[in-house]
Amino acid sequence: MFCKNCGSNLDDRAVMCPHCGVPTDNMLPPAPPAPPKTNSLSIAGFVTAIVGLCGGNFLILLPGIAGAVLCIVGFVQAKKEKSYIGLVVGGLAVSAVSLAFWIYVWVIAFQMLAQQGAPLPPVI
């Protein structure tokens, strides 16, 4: 190993150069790895997906769809930034369950209305 300041030949285990006193890279402790970041879109998507799963009105598909969109955008952003994607995957899973559940509920509701002879709402 050579001194980065004066160029003297050093022992590979040297902590300081004996010629000029400049510390070597052996003296510096290795930097700890940075913790993975969580992006705000993944948090918003996860929360919106949970709201979509727990709701119960006519707009119930909208939070599930919004949660899925936010999670997809958050996933793309997390891949670019190399950040944590756990909430994104969880949000996508909850969104999928939410959408499947509420589509099933609405299909059953419309089938029950059709069997009772009630007029169905017009399809636009």
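Biologist: Which residues of α2 are buried, and what makes a residue count as buried?

Modeller: In α2, the residues P63, G64, G67, A68, C71, G74 and A78 are buried, a label that stands for a relative accessible area under 20%, whereas exposed stands for over 50% and partly exposed for anything in between, with a 1.4 Å probe and protein chains only. This is a predicted model, in which local features need pLDDT of at least 70 and side-chain atom pairs count only at pLDDT 80 or more, while totals for chains, interfaces and linings use all residues. Residues are numbered from 1 along each chain as its sequence is written, and side-chain values use heavy atoms, with hydrogens and water left out.

Biologist: What puts these buried residues on the same side of α2?

Modeller: They cover an arc of only 135 degrees around the axis, and therefore lie on the same side of α2; the arc is taken from the directions that run from the helix axis to the C-beta atoms. The face turned away from that buried side carries L62 and K80, which are exposed. Among what covers the buried residues of α2 are α1 (40–54) and α3 (86–115).

Biologist: Why is α2 called a helix, and what span is expected of it?

Modeller: The name is used because helices are DSSP runs of H or I with at least four residues, just as strands are runs of E with at least two, and both are numbered from the N terminus. Helix α2 covers residues 61–81, which is 21 residues, and reaches 30 Å from its first C-alpha to its last, close to the 30 Å expected at 1.5 Å a residue. That expected span is 1.5 Å times one less than the number of residues. Just after α2, K82 takes a positive phi of about 55 degrees.

Biologist: How does α1 fare against its expected span, and which of its residues are buried?

Modeller: Helix α1 has 15 residues and reaches 21 Å from first C-alpha to last, close to the 21 Å expected at 1.5 Å a residue. Its buried residues are S42, G45, A49 and G52, and they sit on the same side of α1 because their arc around the axis is only 90 degrees. On the face turned away from the buried side, α1 carries the exposed residues S40 and C54, while the cover over its buried residues includes α2 and α3.

Biologist: At what angle do α1 and α2 pack, and what is that angle called?

Modeller: The two helices α1 and α2 pack at about 160 degrees, with their axes 7 Å apart; axes are lines fitted to C-alpha atoms, for helices over the stretch in contact, and angles run from 0 to 180 degrees between N-to-C directions. Angles under 35 degrees count as roughly parallel, over 145 as roughly antiparallel, 65 to 115 as roughly perpendicular and the rest as oblique, so α1 and α2 are roughly antiparallel to each other. Their contact, meaning heavy atoms within 4.5 Å, involves residues including L41, A44 and F46 of α1 and P63, L70 and Q77 of α2.

Biologist: What is the handedness of the crossing of α1 and α2?

Modeller: That crossing is left-handed, a term used if the near helix is turned anticlockwise from the far one by less than a right angle, with right-handed used if clockwise.

Biologist: What relation do α1 and α3 have, and what relation do α2 and α3 have?

Modeller: Helices α1 and α3 pack at about 25 degrees with axes 8 Å apart, which makes them roughly parallel, and α1 passes α3 in a left-handed crossing. Between α2 and α3 the angle is about 155 degrees and the axes are 9 Å apart, so these two are roughly antiparallel, and their crossing is left-handed. Among the residues that meet here are I65, C71 and F75 in α2 and L92, L99 and I103 in α3.

Biologist: Why is L92 called partly exposed?

Modeller: Helix α3 holds L92, and because its relative accessible area is 29%, it is partly exposed. Not counting residues up to four places away in sequence, L92 touches A68, C71 and I72.

Biologist: What makes A93 and V22 count as partly exposed?

Modeller: A93, found in helix α3, has a relative accessibility of 43% and therefore counts as partly exposed. V22 lies in the segment before α1, and its 23% relative accessible area makes V22 partly exposed.
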